[in-house]
Amino acid sequence: MGKARRKKRKTHENVTEEEISKVPHSFVMHKGDVGKSVLQLEMDMRHVMEPYTATKLKVNKKNVVKDFVNVAGPLGVTHLLMLSKTELGTYLRFCRIPRGPTLTFKIQEYSLTKDVVSLLKKPKTFGIQFKKPPLLVLNGFFY
């Protein structure tokens with residue numbers, strides 16, 4: 001009995017720059033002093049929005065929203081998600097760059113990734129699970 005030959009598998013996809021430019025890209029950032037939990041929520045949202053978001057975006061107090069809008073054009077960023085916190089609550093703002101519309105939502109409650117993972121008996125998290133966009137199948141959803 002001889003050895004079975006190994007079957008070659010496709011290891012990478014041939015994706016053109018034109019196809020990547022059609023996909024919406026985003027910045028997730030905060031505005032103002034928001035606190036540690038909202039900063040962690042910002043990082044969690046960046047992981048959810050991967051691979052088409054700036055995961056290592058640096059936001060300083062000196063930065064203005066206009067700075068990010070000006071940089072977004074050359075980088076191909078189409079959406080801006082901003083978290084802010086006031087005395088009344090925490091807000092999430094979705095902005096379509098460059099000309100809108102802008103949607104504002106009040107966040108009633110949220111759970112951070114670290115809280116969900118701490119409740120699991122056997123947490124299974126992989127570093128590469130967010131590197132491909134999620135697949136959503138709605139076959140038979142409306143029955």
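Leaving aside neighbours within four places in sequence, which residues is Phe130 in contact with? The answer is His47, Glu50 and Pro51. Keep in mind that this is a predicted model. The protein chain has 143 residues, with 4 helices and 4 strands. Below is a quick tour, from the overall layout down to single side chains.

**Overall layout**

- Reading from the N terminus, the elements of the protein chain go α-β-α-α-β-β-β-α.
- Buried residues account for 21% of the chain's 143 residues.
- Take the contacts between residues at least 6 apart in sequence: 53% of them join residues at least 24 apart.
- The chain exposes about 12,500 Å², and 57% of that comes from carbon and sulfur atoms.

**The salt bridge in helix 2**

- There is 1 salt bridge in the structure, and it pairs Glu42 with Arg46.
- The closest N and O atoms of Glu42 and Arg46 are 2.6 Å apart, inside the 4 Å cut-off for a salt bridge.
- Both partners sit in helix 2, which covers residues 36–48. Glu42 and Arg46 are 4 residues apart, or about one turn of the helix.
- Are Glu42 and Arg46 buried or exposed? Both are buried.

**More on Arg46**

- Arg46 has a relative accessible area of 3%, so the residue falls under the 20% limit for buried.
- Besides its link to Glu42, the Arg46 side chain has a polar atom 3.1 Å from the backbone oxygen of Leu57.
- Leu57 also turns up in the contact list of Arg46, which leaves out neighbours within four places in sequence. That list has Thr53, Ala54, Thr55, Lys56 and Val59 as well, along with Val28 and Met29.
- Val28 and Met29, two of these contacts of Arg46, have numbers that fall in strand 1 (residues 26–31).

**Phe130 and the nonpolar patch**

- Phe130 belongs to the segment after helix 4 (113–119).
- Along the chain, Phe130 and Arg46 are 84 residues apart, yet their C-alpha atoms are 9.8 Å apart in space.
- Together with Val48 and Met49, Phe130 makes a nonpolar surface patch of about 250 Å².
- Phe130 has a relative accessible area of 31%, so it counts as partly exposed.
- Its patch partner Met49 is partly exposed too, at 34% relative accessibility. Met49 is in the loop between helix 2 and helix 3 (65–75).

**Aromatic pairs**

- How many aromatic pairs does the structure hold? There are 2.
- One of them is Phe27 with Phe68: the ring centres are 6.1 Å apart and the planes stand at 75 degrees, so this is an edge-to-face pair.
- Phe27 comes from strand 1 (residues 26–31) and Phe68 from helix 3, so the pair ties together parts 41 residues apart in sequence.
- Phe27 and Phe68 are both buried.
- The other pair is Phe94 with Phe105, with ring centres 5.8 Å apart and planes at 80 degrees, so this one is edge-to-face as well.
- Since Phe94 lies in strand 3 (residues 90–96) and Phe105 in strand 4 (residues 102–107), the pair ties together parts 11 residues apart in sequence.
- Phe94 is partly exposed, at 31% relative accessibility, and Phe105 is partly exposed at 42%.

**Around Thr78**

- Thr78 is located in the loop between helix 3 and strand 2 (79–85).
- Why does Thr78 count as buried? Its relative accessible area is 18%, and the limit for buried is under 20%.
- The side chains of Thr78 and His79 are joined by a polar contact of 2.8 Å.
- Not counting residues up to four places away in sequence, Thr78 touches Pro24, His25, Cys95, Arg96 and Ile97.

Note on methods:
Residues numbered from 1 in each chain as written. Predicted model: local features only at pLDDT ≥ 70, side-chain atom pairs only at ≥ 80, totals over all residues. Heavy atoms only, no water. Salt bridge = Lys/Arg side-chain N within 4 Å of Asp/Glu carboxyl O. Helix = DSSP H or I, 4+ residues; strand = E, 2+ residues; numbered from the N terminus. Buried < 20%, exposed > 50% of the residue type's maximum accessible area, 1.4 Å probe, protein only. Patch = residues over 30% accessible without salt bridge, like charges linked within 9 Å, V, L, I, M, F, W, Y side chains within 5 Å. Areas by Shrake-Rupley, 256 points an atom, 1.4 Å probe, with all protein chains shown as cover. Polar contact = N/O pair within 3.5 Å; in protein donor to acceptor, adjacent residues only side chain to side chain. Contact = heavy atoms within 4.5 Å. Phe/Tyr/Trp six-rings, centres within 6.5 Å; stacked < 30°, edge-to-face > 60°.
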